[in-house]
Amino acid sequence: MTTETTETTETVTGDQLVAGAATRGSSGVFHAVDPRTGEELATAFAEATVAEVDRAVEAAVDAFASFRDWDDARRADLLDAIAAALVHDGSAILSAVEAETALPRARAEGELVRTAEQFRAFARVLRQGWHRDALVDPPDPGAVPVPRPDVRRINVPVGPVAVFGASNFPLAFSTPGGDTAAALAAGCPVVVKGHPSHPATSELCGRAIVRALREHDAPAGTFSLLQSTRNEVGAALVQHPQVAAVGFTGSEAGGRALFDLASRRPTPIPVYAEMGSLNPVLVTVAALEARADAIAQGLSGSFLFCAGQYCTKPGLVLVPEGPAGDRFVGLLATTVREQEALPVLAANIGSAFDTSVGALEAALGDDAVVHGQARRRGLEREAALVVVDAARVREAPDLLVEHFGPLSVVVRYASPTDVLDVIAQVPGSLTATVHGEPDDHDLVRQLLPALVEKAGRVLWNGYPTGVSVTGAMMHGGPYPSSTFPAHTSVGWTAIRRFLRPVTFQNFPDELLPAPLRADNPLAAPRLVDGALSTGPS
């Protein structure tokens, strides 16, 4: 895999990219903000209009008529080309990320590698063919209670997909992110609503995608990028009657608003929203006795990294009462007190964080909150650690909501019953983590069902902020961490969100999709009468 980047000839204009063409309406402009200083950056970005939403979706509908019929190998080549274009333009993209987000360069470089690899990985999936989930059940005249007809099923693309970029991952969960890659892999044109906190990053990525589409003769409407600070643009996109599905990464309030809009349509559509998450962490006495310093270092690094602006940030830590727990909490508190203020991504994130800290101090008292070094400029915020006993949790419901930013809540427990009582109150989460030792296995067996009920991914002796992009990954969970807990937004099975199964019954062989034909000309993997096969049937 190459990660070498070069200077791009693409320039940032502030225009929309509608079906490959730059457009600029008369709806006003907005500017990105440098999180380090709080000052506006120079480029003025046009506010998208509802008319541009209509044009982008209509172009996507036109593109779908042919793009849906591309064979998997051709789409795989396109995805590889998009990955190459992003890497080629990487220098300019990374500079834009730094200017608009204040994320560390190493973090941005790693995210660019991950973003390109997502496209390459979906290309590999297409060449393997398993995403089609082809099933062939030949006729069986002797079946009971009635003879079975010839039944063959395959996944097909759903249609144009709207994707909403996230603030905290300007690449991997934004314009060129996993939702875009999965939808294009499925054969669905994409209309992206870029996040207004990093519009230059979005435009540069969008131009790289458009260039790759042109080089591979893709229909112009296969991809569009709309940029706006206004809710009406996102609402118009979700409510457009030709949009078939929505991918969203962001806050619970934002995801739920889009979900509700889509549900009220005359023809409701799914909004696959990955939203807020508390991500509880349970630490046992044995784990602290064995490696308290290492856990404290790893845990504080996890919830403070990038100012705690990860959907998988460990926001709730269950720590045992007693001397080992006291020492561990002291280690966390010392780290937080010494932590310099950290820049958040946007002013609204900083305001929401201030509100969260203020509400916790009002409910618990100032002495329950440990503060980091005071902020100095721009959008910096102080780190914070809240420490309470398990009994206080029911008295202060604000403890068990996501606080997006550099804050975590420590709850001290005296028994497994305390743990179960707290976990029962935790809302659905993307992750749950256990730090334990071999002697804890009986205890963990007792607690594990409660953790599994609450989370989509359960970790042993790890930190949830590392999300491996692989086939077995589950990045989703019970509401409110996501709207569809059966689906993931990370990993190769994310493509299933933008596919739907269709059964062909008693159809002439020559009219069937290639993976369902008797000779299976593409050697596609399929289940034939319940047995896995890549050969003819």
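**Figure 1. Arginine 211 is partly exposed, with a relative accessible area of 22%.** Here "buried" means under 20% relative accessible area, "exposed" means over 50%, and "partly exposed" is in between, using a 1.4 Å probe and protein chains only. This is a predicted model, so local features need pLDDT of at least 70 and side-chain atom pairs count only at pLDDT 80 or more, while totals for chains, interfaces and linings use all residues. Residues are numbered from 1 along each chain as its sequence is written, and side-chain values use heavy atoms, with hydrogens and water left out. Arginine 211 forms a salt bridge with glutamate 10, and their closest N and O atoms are 3.1 Å apart. Glutamate 10 sits in the segment before strand E1 (16–18) and arginine 211 in helix H6 (residues 199–215), so the pair ties together parts that are 201 residues apart in sequence. A salt bridge, by the way, is a side-chain nitrogen of Lys or Arg within 4 Å of a carboxyl oxygen of Asp or Glu. Helices (H or I, at least four residues) and strands (E, at least two) are DSSP runs, numbered from the N terminus.

**Figure 2. Helix H6 also holds a salt bridge between arginine 207 and glutamate 203.** The closest N and O atoms of this pair are 2.9 Å apart. The two residues are four places apart, about one turn of the helix. An α-helix has 3.6 residues a turn, so residues three or four places apart point the same way. Arginine 207 counts as buried at 15% relative accessibility, and glutamate 203 is buried at 0%. Back to arginine 211: salt bridges that share partners join Glu10, Asp89 and Arg211 into one network. Searching the whole structure turns up 26 salt bridges.

**Figure 3. Helix H4 (residues 105–128) carries a salt bridge between glutamate 111 and arginine 107.** H4 has 24 residues and reaches 35 Å from its first C-alpha to its last, close to the expected 34 Å. That expected span is 1.5 Å times one less than the number of residues. Glutamate 111 and arginine 107 have their closest N and O atoms 2.9 Å apart. They are four residues apart in H4, so about one helical turn separates them. Are these two buried or exposed? Both glutamate 111 and arginine 107 are buried. Right after H4 comes glycine 129, whose phi is positive, near 90°.

**Figure 4. Seven strands make an open sheet with mixed pairing.** The strand order is E15-E17-E18-E13-E12-E19-E20, where two strands pair if DSSP finds at least two bridges between them. E15 (369–371) and E20 (455–460) stand at the edges with a single partner strand each, so one side of each has no neighbour in the sheet. From one strand to the next, the twist averages 20°. Inside the sheet, E12 (residues 280–283) and E19 (residues 429–435) pair in the parallel sense over three bridges. Valine 283 has histidine 435 in E19 as its bridge partner. Helix H9 (residues 285–304) lies across E12, E13 (316–320), E17 (384–389), E18 (407–413) and E19, running at about 155° to E12. Axes are lines fitted to C-alpha atoms, for helices over the stretch in contact, and angles run from 0 to 180 degrees between N-to-C directions.

**Figure 5. Valine 426 sits in the loop between helix H12 (416–425) and E19.** Which residues does valine 426 touch, leaving aside those up to four places away in sequence? They are Leu278, Pro280, Leu316, Leu400 and Lys454, where contact means heavy atoms within 4.5 Å. Valine 426 is buried, with a relative accessible area of 1%.

**Figure 6. Strand E6 (residues 151–157) is mostly covered, with five of its seven residues buried.** E6 pairs with E5 (residues 134–137) in the antiparallel sense over three bridges, and arginine 152 in E6 is the bridge partner of valine 136. E6 also pairs with E21 (residues 499–505), again antiparallel, over seven bridges. In E21, proline 501 is the bridge partner of asparagine 155.

**Figure 7. E10, helix H8 (residues 252–263) and E11 make a right-handed β-α-β unit.** A crossover is right-handed if, with the strands pointing away from the viewer, the path from the first strand over the helix to the second runs clockwise. E10 (residues 245–249) and E11 run parallel, joined by four bridges, with alanine 273 in E11 as the bridge partner of phenylalanine 248. Both faces of E11 (residues 271–274) are covered: Val271 and Ala273 on one side, and Tyr272 and Glu274 on the other, are all buried.
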